[in-house]
Amino acid sequence: MILGVFSAVVFALALQMFLENPSLSSQGAFPLFTSGVMLIMFLLMVLEMRGCEGGFQKGEPLWEKGKALAQELFPGRVPLIILYVILYAVLLPVIGFIATTYLFLVGSMISLNQTKIVRSFLVAAGILLLILLIFQYIFKVVLP
């Protein structure tokens, strides 16, 4: 339901932007298209859910349903990686791009491949150097 409400609000705002300048290159064209796709996906989800059994027919407690839903939505190490992304966003303005990116890469690699810890530090350093080389020196992009 949240997706449906969000999609409808974005669609209305995008339609308003598009009507100010009705061309395919206007600022509202892409948001109108994407929010339209989101609305269609929402409607398809609602139609698909009509055939599903009710959520509490078997008397399972709400806590167990929530736990099962969380495990379905966030399998394996996904919550840990989400935590790393949040920490990355918080630490980026504090300690800078190079240190934050290096810590994020090392942490992610160690979490996903726990047997090769030393290799994770080296590969993260190589990836960071490659990112700096490509974006800062070749494309001349100012990194945060």
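This passage walks through helix α5 and its two helical neighbours in a predicted model.

Helix α5 runs over residues 97-112. With 16 residues, α5 reaches 22 Å from its first C-alpha to its last, close to the 22 Å expected at 1.5 Å a residue. Its buried residues are F97, T100, T101, L105, V106, G107, S108, M109 and S111. As for what covers them, the list includes α4 and α6, so it makes sense to take those two helices in turn, given that contact here means heavy atoms within 4.5 Å.

Start with α4, which spans residues 78-95. Its axis sits 8 Å from that of α5, and the two pack at an angle of about 165°. That makes α4 roughly antiparallel to α5, because anything over 145 degrees falls in that class. The crossing of α4 past α5 is right-handed. On the α4 side, the residues involved are L80, I81, Y84, V85, Y88, L91, L92 and I95. They meet F97, A99, T100, T101, L103, F104, G107, S108, S111 and L112 of α5. Sorted by class, this contact has 13 nonpolar and 5 polar residues, with no charged ones.

Two polar side chains of α5 give a closer look at this contact. T100, in helix α5, has a relative accessibility of 3% and therefore counts as buried, the cut-off being under 20%. Setting aside residues up to four places away in sequence, T100 touches Y88, L91, L92 and I95, and these four also appear on the α4 side of the helix contact. V90 is 10 residues from T100 along the chain, and their C-alpha atoms are separated by 9.3 Å. S108, also found in helix α5, comes out at 10% relative accessibility, so S108 counts as buried too. Once neighbours within four places in sequence are left out, S108 is in contact with I81 and Y84.

Now for α6, which covers residues 117-138. The axes of α5 and α6 come within 9 Å and cross at roughly 140°. That makes α5 oblique to α6, since roughly antiparallel would need an angle over 145 degrees. The crossing of α5 and α6 is right-handed. From α5, the contact draws on F97, I98, T101, Y102, L105, V106, M109 and I110. From α6 come I117, S120, F121, V123, A124, A125, I127, L128, I131 and L132. The class split is 16 nonpolar and 2 polar, again with no charged residues.

A124 is a handy example from the α6 side. A124 sits in helix α6 and is buried, with a relative accessible area of 0%. Not counting residues up to four places away in sequence, A124 touches Y102, L105, V106 and M109, which are also among the α5 residues in the helix contact. For a sense of scale, A124 and R50 are 74 residues apart in sequence and 47 Å apart in space, C-alpha to C-alpha.

Past the end of this helix, K140 lies in the segment after α6. Phi of K140 is near 60°, a positive value in a residue other than glycine. At 63% relative accessibility, K140 counts as exposed, because the cut-off for that label is over 50%.

Note on methods:
Residues are numbered from 1 along each chain as its sequence is written. This is a predicted model: local features need pLDDT of at least 70, side-chain atom pairs count only at pLDDT 80 or more; totals for chains, interfaces and linings use all residues. Side-chain values use heavy atoms; hydrogens and water are left out. Buried means under 20% relative accessible area, exposed over 50%, partly exposed in between (1.4 Å probe, protein chains only). Axes are lines fitted to C-alpha atoms, for helices over the stretch in contact, and angles run from 0 to 180 degrees between N-to-C directions. Angles under 35 degrees count as roughly parallel, over 145 as roughly antiparallel, 65 to 115 as roughly perpendicular and the rest as oblique. A crossing is left-handed if the near helix is turned anticlockwise from the far one by less than a right angle, and right-handed if clockwise. Ala, Val, Leu, Ile, Met, Phe, Trp, Tyr, Cys and Pro count as nonpolar, Asp, Glu, Lys and Arg as charged, and the others, Gly among them, as polar. The expected span of a helix is 1.5 Å times one less than its number of residues.
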